[in-house]
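Reader: Please take a close look at one buried loop residue in this model, and set it in the context of the whole chain. Other local features of the backbone may follow if they help.

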Amino acid sequence: MDAEQLRSEGCKVIDIVADYWESMRKRRPLPDVKPGFMNQLVSAAPPTAPEDWKTIYEDLEKVVFNPATHWNHPHFFAYFPAGLTYHSIMADILSSGLSSVGFSWMACPAITELEKAMLDWVVELMGLPEHFKNSHPGPGCGIIQSSGSDSILIAILTARAAKVIRFLNSKVEEIKSSPSIFQWLPNFSLGKSLYNILNHNVFNSNTDRPSYDSTDVITPFYHDPRVFQNFVMYFCDQGHSSIEKGAWLAGVRYRKLKAIKGYLGNYGLDPDALRKAVQEDRDRGYIPFMLIVTVGTTSSCGIDEIERLTPICKAEGLYVHVDSAYAGSYALCEENRYLLNGVENVDSYNTNLHKAGMINFDCSPMWFKNGTYASRYYNVDAIHLAHEYQSTGTDYRHLEIPLGRRFRSLKLWFTLRNWGADKIKDYLRGTMDIAIFFSKIIVEDQKFELFVPPILGLCCFRLRNHSNSDNERLCTAINRDRRIHIVPSTIHSIFFLRFAVGSPMTTKEDAVHAKKIIFEIANNLFKK
Ligand SMILES: *Cc1c(COP(=O)(O)O)cnc(C)c1O
């Protein structure tokens, strides 16, 4: 292919995408396929000679569109939304078209600097703390991670490293105040010798474990497993599965605290349970190091109250990370900002603009109150990555799991400039209206009840006076029918259905349509 062919074929692909969007209402949100179906559509052997574009395009419907789950179908009410603007589709083309990789400032100054600027726009638009801004003179900073899960893992590793350092510092203080040790270590100084002192006096003093002094096996200073082996972190039992996975990946212990109904009637973390758990764990010899707060849980959009939790964390020396993957985008609308009250006191924060924020996957901004220390923990100074401006330019590689990164901020730049934040706010308010509207109509006839009050774009409901298994049968039947798509959840052994409004195409008429389908299927299943 040459550039001329890219021009002509590229335009055709844009046409195909536009046609797809125009065809949406003719489709069903869920495809009718079974695992392994692709074997019938794609030959087992790779092609031996190039095929022409026309032949390939002809396969698109059966290989790509027909077996896809259509996340922006107006009758898709599952999970949480997969945000979208056409602007971000265009920006993704541009990012691929440029095909530069921006791990350090030097590796692509445009990627780094536009990202910094766009994140400051988002801080401004969402009313987030000024100290998160990249342009703020303090040590705060923002970065676009590829997912909420990445952000959470990085937050856990950062909290773990911060506690490792504090633990080691406290040991240094103990050693310094112990005259007997000073006697036989007259040349005490910071740096490498400090590390040797710690090795001898903290880790190897009374054990038969192997010596950790070998020079060919490296024990990472900030990530020393001997130090964090008894660390424990906390989150609500409604926290996202990526928090648990993050704890596994970080090799730290964790404790899930049982949610209680909070001030909005949804399930969130109980501050008293946190206080009690920290005390209990200290008494048992564990070292509490972190709390992950969720604002907008996946199950019921429950809210852990930042304002009531951060004072406990401050008193107990816990790092606080807030995961607001879904709800965070709603802070674009001023009336929802109370959900984040207290966010100025947290150490880090993430939200997924690729959920309700209308920016195509992937775009997961994360902010640190103090990004300077965080970036120290991941700074592997390979000589081929060094550059002249590394002391003054931002090197995003120090704050993320991968090295390489694409030009994600272009999606924000296009969307915010040509579409505007007000349009995103209109969309968000639309989803909130529809969720409230649906909550009203689903409880007509007393067949269904709300499980918790609707919040943001989510309504949780269940069949009244029916068992969990009846509700489960209903959910399965709805998805087998395929005219609408919803997913269920359970909280403390109660099964319920979730109706998450996400597609920008969804209207109140679609909510009425969904209600009719749900009633029809329920009536068929549970004939009196
Ligand atoms: C979706 C979600 C996540 C995970 O986000 P990914 O970007 O898919 O990794 C984490 N937390 C909450 C509350 C979520 O809703």
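Author: What follows starts with the residue I303, moves out to the chain and its domains, and ends with a helix and some backbone details.

The model is predicted. I303 sits in the loop that runs between β6 (287-294) and α11 (306-316). Is I303 buried or exposed? I303 counts as buried because its relative accessibility is 7%, and the cut-off for buried is under 20%.

Which residues does I303 touch, apart from neighbours within four places in sequence? Its contacts include Y263, L264, Y267 and G268. T294, V295 and G296 are also in contact with I303, as are L339 and I455. Of these partners, T294 is within the bounds of β6 (287-294). By the domain division, I303 belongs to domain 1 (105-160 + 230-407), while I455 falls in domain 3 (422-526). The contact of I303 with I455 therefore joins domain 1 to domain 3, since contact means heavy atoms within 4.5 Å.

That contact is part of a wider set: 27 residues of domain 1 are in contact with 21 residues of domain 3. The C-alpha centres of domain 1 and domain 3 are 30 Å apart. The remaining part of the division is domain 2, made up of 161-204 + 219-223. S177 lies within the bounds of domain 2. The C-alpha atom of S177 is separated from that of I303 by 45 Å, with the two positions 126 residues apart along the chain.

For the chain as a whole, there are 16 helices and 13 strands. The C-alpha trace spans about 85 × 65 × 45 Å along its principal axes. The radius of gyration is 26 Å, which agrees with the value near 24 Å for a compact globule of 528 residues. Of the 528 residues, 52% count as buried. Among contacts with a separation of 6 or more, 72% are between residues 24 or more positions apart. The chain exposes about 25000 Å², and carbon and sulfur atoms supply 55% of that area. There are 58 positive and 58 negative charges, and their mean positions are 5 Å apart.

The strand β6, which comes before the loop of I303, is also a partner of helix α9. What are the buried residues of α9 (residues 241-250)? They are S242, I243, E244, G246, A247 and A250. Besides β6, these residues pack against α5 (148-176) and α8 (225-228), and against β2 (231-236) and β3 (253-257). After α9 comes G251, with a positive phi near 65 degrees.

Positive phi values also occur in residues other than glycine. Y79 has a phi near 45 degrees and is found in the loop between α2 (53-65) and α3 (86-98). Y79 is partly exposed, at a relative accessible area of 39%. R482 has a positive phi of about 75 degrees and lies in the loop between α15 (468-481) and β12 (487-491). With a relative accessible area of 19%, R482 is buried.

One further backbone detail concerns a peptide bond. F361 and D362 are joined by a cis peptide bond, with omega about 5 degrees. D362 is in the loop between β8 (348-350) and β9 (364-368).

How values were computed
Residues are numbered from 1 along each chain as its sequence is written. This is a predicted model: local features need pLDDT of at least 70, side-chain atom pairs count only at pLDDT 80 or more; totals for chains, interfaces and linings use all residues. Side-chain values use heavy atoms; hydrogens and water are left out. Helices (H or I, at least four residues) and strands (E, at least two) are DSSP runs, numbered from the N terminus. The radius of gyration is taken over C-alpha atoms; the globule rule is 2.2 Å times the number of residues to the power 0.38. Buried means under 20% relative accessible area, exposed over 50%, partly exposed in between (1.4 Å probe, protein chains only). Accessible areas come from the Shrake-Rupley method with a 1.4 Å probe; for residues, only the protein chains shown count as cover. Lys and Arg count as positive and Asp and Glu as negative; His and the chain ends are not counted. The place of a charge is taken as NZ of Lys, CZ of Arg, CG of Asp or CD of Glu. Domain bounds come from an automatic or database domain assignment.
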